[in-house]
Amino acid sequence: MAIIRVEKKENYVVLDRGVLNDARLSWKAKGILAYMLSMPDNWVFYVEELMKHGSDGERSFRSGFNELKKFGYLERFPVYENHQIVKWETIVYEVPQNLLSQNVNVSNINSHTINQQNEALLNTDFKLNTKLLNTDSKDIVEFAIPFKEIIDYLNKQANTNYRHTITSCE
């Protein structure tokens with residue numbers, strides 16, 4: 001087999017190889033991220049517009065988009081005016097931010113590296129009362145995420161009235 005390349009004088013993208021080697025991502029998510037990274041740094045992304053540039057349906061696109069959020073390649077933030085969301089801000093990262101904060105080498109990321117260096121990142125099953133196994137002493141450590149306090153604080157800061165009793169983020 002051969003790879004036939006073209007001379008790159010214009011209309012090309014330079015992309016960190018770690019994205020393509022991240023075994024946690026589907027090909028769909030890798031394609032969405034590559035497309036987004038091909039845009040200028042100050043590009044404004046609209047999900048509805050992004051969906052128009054591929055042949056996948058909305059559900060397929062959104063599942064790939066959610067993978068990118070889950071694994072730290074993008075973040076979405078609401079922008080408020082007068083306590084109402086007027087738009088969503090999207091930040092796209094070439095390397096996953098959740099791994100950078102853990103000092104994991106992302107230059108050649110793959111599932112083996114992730115499992116070996118950071119098994120905790122793969123556990124996304126958070127519950128109000130969660131048990132963690134401390135591998136050094138084999139002790140079980142219990143902790144509770146203070147959802148009520150977090151939501152109350154955010155409600156006070158944003159002058160909103162969200163409940164802390166929702167059981168799922170999906």
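**Exercise 1.** Classify Lys9 as buried or exposed, then describe its salt bridge.

*Solution.* Lys9 has a relative accessible area of 65%, so Lys9 is exposed. The cut-offs are under 20% for buried, over 50% for exposed, and partly exposed in between, with a 1.4 Å probe and protein chains only. Next, take the partner: Glu7 also has 65% relative accessibility and counts as exposed. The two side chains, Glu7 and Lys9, meet in a salt bridge at 3.9 Å, N to O. A salt bridge requires a side-chain nitrogen of Lys or Arg within 4 Å of a carboxyl oxygen of Asp or Glu.

The model is predicted: local features need pLDDT of at least 70, side-chain atom pairs count only at pLDDT 80 or more, and totals for chains, interfaces and linings use all residues. Residues are numbered from 1 along each chain as its sequence is written, and side-chain values use heavy atoms, leaving out hydrogens and water.

**Exercise 2.** State how many salt bridges the structure holds, and examine those of Asp22 and Glu58.

*Solution.* The structure holds five salt bridges. In one of them, Asp22 pairs with Arg24, the closest N and O atoms being 2.7 Å apart; Asp22 and Arg24 are both buried. In another, Glu58 pairs with Arg62, with 2.9 Å between the closest N and O atoms. Glu58 and Arg62 are four residues apart in helix H4, so about one helical turn separates them. Helices here are DSSP runs (H or I, at least four residues), numbered from the N terminus. Glu58 is partly exposed at 47% relative accessible area, and Arg62 is partly exposed at 31%. Finally, Glu48, Glu58 and Arg62 are linked in a network of salt bridges.

**Exercise 3.** Find the aromatic pair in helix H4 and place its rings in the largest nonpolar core.

*Solution.* Phe61 and Phe65 lie in helix H4, four residues apart. They form a stacked aromatic pair, 5.5 Å centre to centre with 25° between the planes. Rings of Phe, Tyr and Trp (its six-membered ring) pair if their centres lie within 6.5 Å; planes under 30 degrees apart are stacked, over 60 edge-to-face, and the rest tilted. Phe61 is buried at 7% relative accessibility, and Phe65 at 4%.

The largest nonpolar core has 17 residues, and Phe61 and Phe65 are among those that touch the most other members. Such a core is a set of buried Ala, Val, Leu, Ile, Met, Phe, Trp, Tyr and Cys residues joined through side-chain atoms within 4.5 Å. Helices H2, H3 and H4 each supply at least two of its residues.
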